[in-house]
Every structure is written in C-alpha cells, then in structure tokens.
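Hi,

Here is the structure I said I would pass on. Have a look at it first, and then read my notes below.

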Amino acid sequence: MKKLNVAVIGGGFMAKAHSMAYSCMPMFFWPAPFIPNRKVIIDVNDELAEDAKNKLGFDESSSDWEEVVNRKDIDVVDICTPNDTHPKMAIAAAKAGKHIICEKPLARNA
C-alpha cells in the first residue's frame, strides 16, 4: 500500500485534530487508499515545532514552511494556520506540485 508523506503547517489545535485523523484514517477507510505518514510538522519557531513533533507523532519538525513545501519527499501539505496565511502557503504548495489540505477559508477574497 502506498504511503504519502504529510507536512502539517501549524502546531495548534487544528494541527492536533488533523494529526489524530491521519493516525486513525486507515482504521476508518479499509482498505485505505494510502497510508499517511506524519513526516514533518512546522510551527513558528523550532522549540514549538519540536514540541508539536513529540506530542503529535511526527518524524521531524521545522520552523521553515517554505523549505518543507519544496522538499521532494513531501506529498501532502496540510495548512492549519491562521486564515490570513492560507493563500501564500496554498499557492506555494500548488506550485511545488503537492496535494493540499487547507482549513477554511482558503482565502478571504477572490
């Protein structure tokens, strides 16, 4: 079964909810279309990112979302940040050819 490496941007409440969903997804959808691997969690600084990594079961942590989005080993970018940051991150992820999951709203205007 194919594994997809997931990078979650944001380490707060919604990142926790999404991380728990990734860990449970294969139990709810079997056979699962893929197995999500919680690869990298990104937060505003290294200390917060490392803390989120340890609490939420990620392989790695980072404070540089742009670097992570452009990594070849990342398949899915999950954006769990404040609304005003969504467009820039989603556009960068799309340009990098990633699958994108984004908390709503995707943007605040057209």
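For the first item you need to know how I use "patch": a nonpolar patch joins Val, Leu, Ile, Met, Phe, Trp or Tyr side chains within 5 Å of each other, taken from residues with over 30% relative accessible area and no salt bridge. Also keep in mind that this is a predicted model.

With that in hand, M27, F28 and F29 make a nonpolar surface patch of about 420 Å². F29 sits in the loop between α1 (13-28) and β2 (35-42), and its relative accessibility of 51% counts as exposed.

Next, the helices. In α2 (residues 46-56), the buried residues include A49, A52, K53 and L56. Looking down the axis of α2, they fall within an arc of 105°, so they line one face of the helix. Their cover includes α1, β2 and β3 (60-62). E47, N54 and K55, on the other side of α2, are exposed. Both ends of this helix are worth a look. At the N-terminal end, N45 acts as a cap, with a side-chain oxygen 3.1 Å from the backbone nitrogen of E47. After the helix comes G57, with a positive phi near 80°.

Helix α4 (residues 86-95) can be read in a similar way. H86, M89, A90 and A93 are buried there, and their arc around the axis is only 95°, which puts them on the same side of α4. K88 and K95 are exposed on the other side. β1 (3-9), α3 (65-69), β4 (76-79) and β5 (99-102) are among the elements that cover the buried residues of α4. Just after this helix, G97 has a positive phi of about 80°.

Leading into α4, have a look at T81, in the loop between β4 and α4. T81 has a relative accessible area of 15% and is buried. Its side chain makes a polar contact with the side chain of T85, at 2.4 Å. Leaving out residues up to four places away in sequence, T81 touches I9, G10, H86 and M89. C102, in strand β5, is 21 residues from T81 in sequence, yet their C-alpha atoms are 8.7 Å apart. C102 is partly exposed, at 24%, and beyond its neighbours within four places in sequence it is in contact with I79 and H86.

Last, the charges. How many salt bridges does a search of the whole structure find? There are 5. One of them pairs K39 with E60, with the closest N and O atoms 3.5 Å apart. K39 is in strand β2 and E60 in strand β3, so this pair ties together parts that are 21 residues apart in sequence. K39 counts as buried at 17% relative accessibility, while E60 counts as partly exposed at 26%.

R71 and D73 form another salt bridge, at 2.8 Å between the closest N and O atoms. R71 is buried at 16%, and D73 is partly exposed at 31%. K39, E60, R71 and D73 are linked in a network of salt bridges.

Back in α2, K53 forms a salt bridge with E50, the closest N and O atoms being 3.4 Å apart. The two lie 3 residues apart in that helix, about one turn. K53 is buried at 17%, and E50 is partly exposed at 34%.

Cheers

Definitions and conventions. Residues are numbered from 1 along each chain as its sequence is written. This is a predicted model: local features need pLDDT of at least 70, side-chain atom pairs count only at pLDDT 80 or more; totals for chains, interfaces and linings use all residues. Side-chain values use heavy atoms; hydrogens and water are left out. Buried means under 20% relative accessible area, exposed over 50%, partly exposed in between (1.4 Å probe, protein chains only). Helices (H or I, at least four residues) and strands (E, at least two) are DSSP runs, numbered from the N terminus. The arc is that of the directions from the helix axis to the C-beta atoms. Contact means heavy atoms within 4.5 Å. Patches are made of residues with over 30% relative accessible area and no salt bridge: like charges are joined within 9 Å, nonpolar side chains (Val, Leu, Ile, Met, Phe, Trp, Tyr) within 5 Å. Accessible areas come from the Shrake-Rupley method with a 1.4 Å probe; for residues, only the protein chains shown count as cover. A salt bridge is a side-chain nitrogen of Lys or Arg within 4 Å of a carboxyl oxygen of Asp or Glu. A polar contact is a pair of N or O atoms within 3.5 Å; within protein, one must be able to donate a hydrogen and the other to accept it, and residues adjacent in sequence count only if both atoms are side-chain atoms.
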